[in-house]
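Work through the exercises below with the sequence and the 3D view at hand. Try each task before you read its solution.

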Amino acid sequence: MTALHGRSRLALRRRRLRLWWLRFSQPVLGPFRARWRSSLRLRTMTITAAITAVMIFVAGVFILTSVGDDLYSSRRDQALADSARATLAAQSVLDSSNATDRARLTTLVDSVRRAVLDTSSSSMIYLRRQPGQVDVSDAPVDSNTSQALVDAVTEELSASLTDTDAPQHWQPVSLPNETGVSGPGIAVGSTLSFPSGVGNYDLFIGYNFSDTEESLNAIQRTLLITTIGLLALIISLVWVISRSVFRPIRAAADASHRLAAGDSRARMPLQNDEHFDVLSGNFNNMAETLQARITELDELSDMQQRFVSDVSHELRTPLTTIRLASEVLRGQQEAMDPSQGRAVEVLGTQIDRFETLLGDLLEISRYDAGRITLETEPTNLVALARDVIDGIQPLSKSMIELRPIGGYGTVDVDARRIRRIISNLVGNAAEHGEGRPVVVTIDSNAAAVAVTVRDWGVGLKTEDIERVFDRFWRADPARKRTFGGTGLGLAIAREDAAVHGGLLEAWSRPGEGANFRLTLPRGDASAFVSPLPLIPDDVSVEETDPGTTGGWLRRPFRRVWKERSQ
């Protein structure tokens, strides 16, 4: 139990540490991480600089280590040679002496010390009688010129002088320099034989390597300055090269961006490189071809718009004549036999549909040409929807219910166009509702007003929802229609919503009906959220659905329309 509790606390501590790291590193590393993912130039420069820095660091460490080892080895060899000369000089003084009493032996020790100081480059000397020998009353006492050297001599160094026959032994120690500051050095030990049975003495000479350390520090500073300068030079060189290499790519990106933004004159300049010049030529040829195709399509579109508009206007005159003739025949319908009367009735119905089709074609041509003028007025959408429902209910087998949650205030809209949208949505719901109820819901918030039309009919497939606002498209062309229709109703309805700066959306699922939502902004709201959800509350949400709340933030299409029409 204790082990499990300890692991739980460790896991909790790790989790807190990870959360702390994410919280504090995100503001710093977040922008760099985003820039890293989006910039090939930054990645190239960073990777090149990192590899160069690692190579320079490894080379610098290798050079510094090699130079330091060479300097230390050279200085150590000099110290050992210096100690050997001093030892030989001291032993020569001892060999030439025949001192036997204490006073003469003391004088002999002073002579030995002077000989060592005269022949050695160091002033740190420690002379002591070798331990483990028989006591001699006249033996000179130990002497030294530096207490730091006495403290630096270890038992290992002392033992090595008595245990081995090597003439010299040394070990690295820390010794003060002339200014009293401790630095690296070595202590060299050797053995001196005194005359008259006095025995052996250990001679220790200390050598301070502070000058070697200073030289190594100077070399290190020089290498560091050289490394920084070299790294800065390489980064500058990489920046210049990457700027030169990525210039054609930036030119291509800029030209493609301008071309995508609608600038048909955008071209990619030559880069004085055979490969990039091929890319520039191909890009410019593509732009020329694309411009030619766009010009051709624009001309065809203009011709189509003029054709639809002209045909619609031209058909008005014969349609008026046919309608007058139909009215004349309808006035004589009582004198006709039943079959002729039925033919006159069908003729009048088809003339009405033909007139509706012409009206829709004229409206579509106005939208295509951008010649739309809104006649806005304060409108109560609840009252407008109630009038629409009262007009459609007698012709519908479905019960149409109005649920005005909100939206009682007035909105400045073109009432004729909004009425056309709601009429189209309610008529379609009643047509495809299979006799089930149709619910019209209205709600509002501070920025928008929304109207949803919900039916529980056959519904639409996902691929059909994407095409439901296309012109002349029908989910089931063979289906019998109660309210007629031209196939342009939803296309015109979406254009009517867009010209108001609003949005018309659809949700549907086979067997569960459909829900259409119209959202209109209040006034000049630059952003709005729909007060009604697009997905009904009585259905389960699936991954393929467009959303659950139906909210969005967008720039009103009304402004885009004005800019486009200008």
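The exercises that follow treat two sheets, some salt bridges and a surface patch in a predicted model.

**Exercise 1. The antiparallel sheet**

Task: Find the strand order of the open sheet with antiparallel pairing, and say which strands stand at its edges.

Solution.
- Step 1. Read the order across the sheet. Its 5 strands follow the order 2-1-5-4-3.
- Step 2. Look for strands with a single partner strand. These are strand 2 and strand 3 (169-176). They stand at the edges, so one side of each is left without a neighbour in the sheet.
- Step 3. Find the helix that lies across strand 1, strand 2, strand 4 (182-194) and strand 5. Helix 3 (residues 102-119) does this, and runs at about 145° to strand 1.

**Exercise 2. Strand 1 and its neighbours**

Task: Work out how strand 1 pairs on each side, and whether its residues are buried or exposed.

Solution.
- Step 1. Start with strand 5 (residues 199-208). Strand 1 pairs with strand 5 in the antiparallel sense, over 6 bridges.
- Step 2. Pick out facing residues. L127 stands opposite L203 in strand 5. I125 has I205 of strand 5 as its bridge partner.
- Step 3. Turn to strand 2 (residues 143-144). The pairing with strand 1 is again antiparallel, over 2 bridges. Here L127 stands opposite S143.
- Step 4. Check the cover. Strand 1 (residues 124-129) is mostly covered, with 6 of its 6 residues buried.
- Step 5. Sort the side chains by direction. M124, Y126 and R128 point one way, while I125, L127 and R129 point the other way. Residues on both sides are buried.

**Exercise 3. The mixed sheet**

Task: Describe the open sheet with mixed pairing, from its strand order to the helices that lie across its strands.

Solution.
- Step 1. Give the order. The 5 strands run 7-9-10-12-11.
- Step 2. Name the edges. Strand 7 (400-404) and strand 11 (503-509) each pair on one side only.
- Step 3. State the twist. The average is 15° from one strand to the next.
- Step 4. Examine one pair. Strand 9 (residues 438-444) and strand 10 (residues 448-455) run antiparallel and are joined by 7 bridges. Within this pair, T441 has T452 of strand 10 as its bridge partner.
- Step 5. Add the helices. Helix 9 (residues 381-392) lies across strand 7, strand 9, strand 10 and strand 12 (513-521). Its angle to strand 7 is about 175°. Helix 12 lies across strand 11 and strand 12, at about 135° to strand 11.

**Exercise 4. Salt bridges across the chain**

Task: Count the salt bridges, then trace which parts of the chain R75 and D211 tie together.

Solution.
- Step 1. Recall the principle. Side chains of opposite charge can pair when their charged atoms come close.
- Step 2. Apply the cut-off. A Lys or Arg side-chain nitrogen must be within 4 Å of a carboxyl oxygen of Asp or Glu. The count comes to 14 salt bridges.
- Step 3. Test R75 and D211. Their closest N and O atoms are 3.9 Å apart, and they form a salt bridge. R75 lies in helix 2 and D211 in helix 6 (residues 210-260), so the pair ties together parts 136 residues apart in sequence.
- Step 4. Check exposure. R75 counts as buried at 16% relative accessibility. D211 is partly exposed, at 41%.
- Step 5. Move to E288 and R267. Their side chains meet in a salt bridge at 3.1 Å, N to O. E288 is in helix 7 (residues 274-331), and R267 is in the loop between helix 6 and helix 7, 21 residues apart. E288 is partly exposed, with a relative accessible area of 44%.

**Exercise 5. A salt-bridge network**

Task: Place D496 and R417 in the chain, and find the network that they belong to.

Solution.
- Step 1. Take the distance. The side chains of D496 and R417 meet in a salt bridge at 3.4 Å, N to O.
- Step 2. Place the partners. D496 is in helix 12 (residues 489-499) and R417 in helix 10 (residues 415-432), 79 residues apart.
- Step 3. Check the cover. D496 and R417 are both buried.
- Step 4. Follow shared partners. Salt bridges join D414, R417, R420 and D496 into one network.

**Exercise 6. A nonpolar patch**

Task: Which residues make the nonpolar surface patch of about 380 Å²?

Solution.
- Step 1. List the members. They are V54, F57, V58 and V61.
- Step 2. Locate one of them. V58 is found in helix 2 (residues 40-95).

Key. Residues numbered from 1 in each chain as written. Predicted model: local features only at pLDDT ≥ 70, side-chain atom pairs only at ≥ 80, totals over all residues. Heavy atoms only, no water. Patch = residues over 30% accessible without salt bridge, like charges linked within 9 Å, V, L, I, M, F, W, Y side chains within 5 Å. Areas by Shrake-Rupley, 256 points an atom, 1.4 Å probe, with all protein chains shown as cover. Helix = DSSP H or I, 4+ residues; strand = E, 2+ residues; numbered from the N terminus. Buried < 20%, exposed > 50% of the residue type's maximum accessible area, 1.4 Å probe, protein only. Pairing = 2+ DSSP bridges. Axes fitted to C-alpha atoms, helices over the stretch in contact; angles between N-to-C directions. Contact = heavy atoms within 4.5 Å.
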